[in-house]
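User: Hi! Could you walk me through this one? I'd like to go over it piece by piece.
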Amino acid sequence: MFNSVYLGQFASHMIPLELTRHLVATDAEAEASLFQRAEAPFGIFLGWAAQANRDSPERLYVAQAPLNQLPKPLRDDLPTPELVVKAGKGDVYDTSIWLGVAPTNTPLHRDPNPNLYLQLAGRKVIRLLEPGSGWSVFAAVQAELGRQHSGKFRGEDMMKGEEKRLLEANIWLDKPAENQEDFTGLEATLEADEYLFIPEGWWHSVKSIGTGCTASTSLQSGRDDDEDNATKRKRKDVPSRTKRNRYISIAW
C-alpha cells in the first residue's frame with residue numbers, strides 16, 4: 001500500500017478527489033452509482049486507502065491532481081523524464097498524478113495533446129482507438145443517449161449513470177451501441193515502471209487490475225510531426241504485436 005508515514009506529512013494538502021458510491025437497487029431497477037468531485041485534504045484519501053479493498057462500495061480516487069500544485073518534496077519525487085525533455089519541442093503543457101486502490105476505471109475519452117502515461121505502482125490495462133474509430137464509438141453512445149459531447153477531458157457525465165454503463169459495455173464487454181461501426185483497437189498492460197505514449201487525438205479507456213494501490217502520472221507535451229503511432233516501451237524494448245479479438249495486444 002501507500003507509504004502512509006511519508007505521505008502523511010502532506011495530509012493537510014488539498015487535492016482533487018473523486019467519490020463514487022455504488023448502489024445496488026431492487027431487482028426491478030438497474031444498479032446505480034453516485035459520483036462527486038471536490039477539493040479535499042490528502043489525509044482523507046490516505047485514511048480511506050489504508051482500509052479499502054476491491055469490495056468497498058465507496059471508492060475514492062485522486063484524479064488529475066496537477067503535479068505543479070503538489071508540495072515540493074512530492075514534485076521532486078516525480079521529475080520530468082529525460083525522454084519528454086528531449087523529444088519533439090521538449091515542452092510540457094500539463095502534468096497530473098492519479099492515485100487509487102484497485103479497481104479503478106476511466107471511461108473512453110481523448111486528451112487535447114500527446115500524452116506520456118507512466119505507471120508508478122500497481123497494474124493498469126489501457127485500450128486505445130485511433131481518432132476515427134474512437135469518435136465513431138463515442139458518437140454512437142452519445143446518439144443512443146440523445147446527447148452531444150466532444151469527449152475531451154474526463155467529463156462528469158461519462159463517470160456515472162447510463163453514459164458510463166454504455167461506454168463500459170462497448171469498450172470492455174464487446175457490446176456495441178446501436179449503428180456503431182466495427183473497429184480494431186490496441187490494448188496494453190502496464191506494470192510499475194512502464195509507460196505508454198498516446199498520440200494526440202487517440203481515444204483511450206483505463207482500468208486498474210489486481211489488488212492494492214495504483215499510481216500513475218501523465219505528461220502532455222507539444223505535438224511532434226513524427227508522432228503517428230501508439231508506442232509502448234520499457235527501457236529500450238520495442239513491442240511486438242499479437243492479434244486478439246477486436247484489439248491488438250501490445251506485448252513485449
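User: Let's start with tryptophan 135: what does its relative accessibility make it count as, buried, partly exposed or exposed?

Analyst: Happy to help. This is a predicted model, and in it tryptophan 135 has 41% relative accessibility, so it counts as partly exposed. The cut-offs here are under 20% for buried and over 50% for exposed.

User: Which ring does tryptophan 135 pair with, and how are the planes set?

Analyst: The partner is tryptophan 203. The ring centres are 6.1 Å apart and the planes meet at 50°, so the pair is tilted.

User: And tryptophan 203, buried or exposed?

Analyst: Tryptophan 203 is buried, because its relative accessible area is 0%.

User: Where in the chain do tryptophan 135 and tryptophan 203 sit?

Analyst: Tryptophan 135 is in helix α5, which covers residues 131-145, while tryptophan 203 is in strand β10, residues 203-209. The two are 68 residues apart, and the pair links distant parts of the chain.

User: How many aromatic pairs does the structure hold?

Analyst: There are 7 aromatic pairs. Phenylalanine 42 with phenylalanine 45 makes a stacked pair, because the planes are at 5° with the ring centres 6.2 Å apart.

User: Which helix are phenylalanine 42 and phenylalanine 45 in?

Analyst: Both are in helix α2, with their positions 3 residues apart, about one turn of the helix. Both are buried as well. Ring pairs also bring in Trp48, linking Phe42, Phe45 and Trp48 into a cluster.

User: Switching to the core. How many residues are in the largest nonpolar core, and which have the most contacts inside it?

Analyst: The largest nonpolar core has 24 residues. Those with the most contacts inside it are Phe2, Leu17, Phe42, Phe45, Trp48, Val62 and Leu99.

User: Which elements give two or more residues to this core?

Analyst: They are β1 (14-23), α2 (42-51), β3 (58-66), β4 (92-101) and β11 (213-221). Helix α2 gives the most, with 5 residues.

User: What is phenylalanine 2 in contact with, leaving aside neighbours within four places in sequence?

Analyst: Phenylalanine 2 is in contact with Leu7, Phe45, Ala49, Leu99, Gly100, Val101, Cys213 and Thr214. Apart from the largest core there is another one, of 17 residues, including Phe35, Ala140, Val141 and Ala177.

User: OK, empty space next. How many cavities of 30 Å³ or more are there?

Analyst: The structure holds 3 of them. The largest cavity has a volume of about 40 Å³.

User: Which residues line the largest cavity?

Analyst: The lining is Asn105, Pro107, Leu108, Lys164, Leu167, Glu168, Ile171, Trp172 and Ser205. Strand β5 (105-110) and helix α6 (161-172) each supply at least two of the lining residues, and α6 gives the most, with 5 residues.

User: Now backbone oddities. Which peptide bond is cis?

Analyst: The bond from alanine 102 to proline 103 is cis, with omega near 5°. Proline 103 lies in the loop between β4 and β5.

User: What about glutamine 64: what is its phi?

Analyst: Glutamine 64 has a positive phi of about 60°, although it is not a glycine. This residue is in strand β3 and, with a relative accessible area of 31%, is partly exposed. Aspartate 193 also has a positive phi, of about 75°, and it is not a glycine either. Aspartate 193 belongs to the loop between β8 (185-190) and β9 (194-198), and at 40% relative accessible area it is partly exposed.

User: Before I set anything up, what pLDDT does the protein average?

Analyst: The average is 80, and 78% of the residues score at least 70. Over residues 224-245 the pLDDT is below 50; beyond near neighbours in sequence, that stretch has 44 contacts in the model.

User: Last one, the overall picture. How many helices and strands does the protein have?

Analyst: It has 6 helices and 14 strands. Of the 252 residues, 46% are buried. Among contacts between residues at least 6 apart in sequence, 81% join residues at least 24 apart.

Terms used
Residues are numbered from 1 along each chain as its sequence is written. This is a predicted model: local features need pLDDT of at least 70, side-chain atom pairs count only at pLDDT 80 or more; totals for chains, interfaces and linings use all residues. Side-chain values use heavy atoms; hydrogens and water are left out. A nonpolar core is a set of buried Ala, Val, Leu, Ile, Met, Phe, Trp, Tyr and Cys residues joined through side-chain atoms within 4.5 Å. Buried means under 20% relative accessible area, exposed over 50%, partly exposed in between (1.4 Å probe, protein chains only). Helices (H or I, at least four residues) and strands (E, at least two) are DSSP runs, numbered from the N terminus. Contact means heavy atoms within 4.5 Å. Rings of Phe, Tyr and Trp (its six-membered ring) pair if their centres lie within 6.5 Å; planes under 30 degrees apart count as stacked, over 60 as edge-to-face and the rest as tilted. pLDDT is the predictor's confidence in each residue, from 0 to 100. On a 1 Å grid over the protein atoms alone, a cavity is a set of points where a 1.4 Å probe fits but cannot get out, and a pocket is an open set with protein on both sides within 12 Å along at least five of seven lines; lining residues have an atom within 4 Å of a point. Grid points are joined across faces, edges and corners, and a volume is the space filled by probe spheres set on the points.
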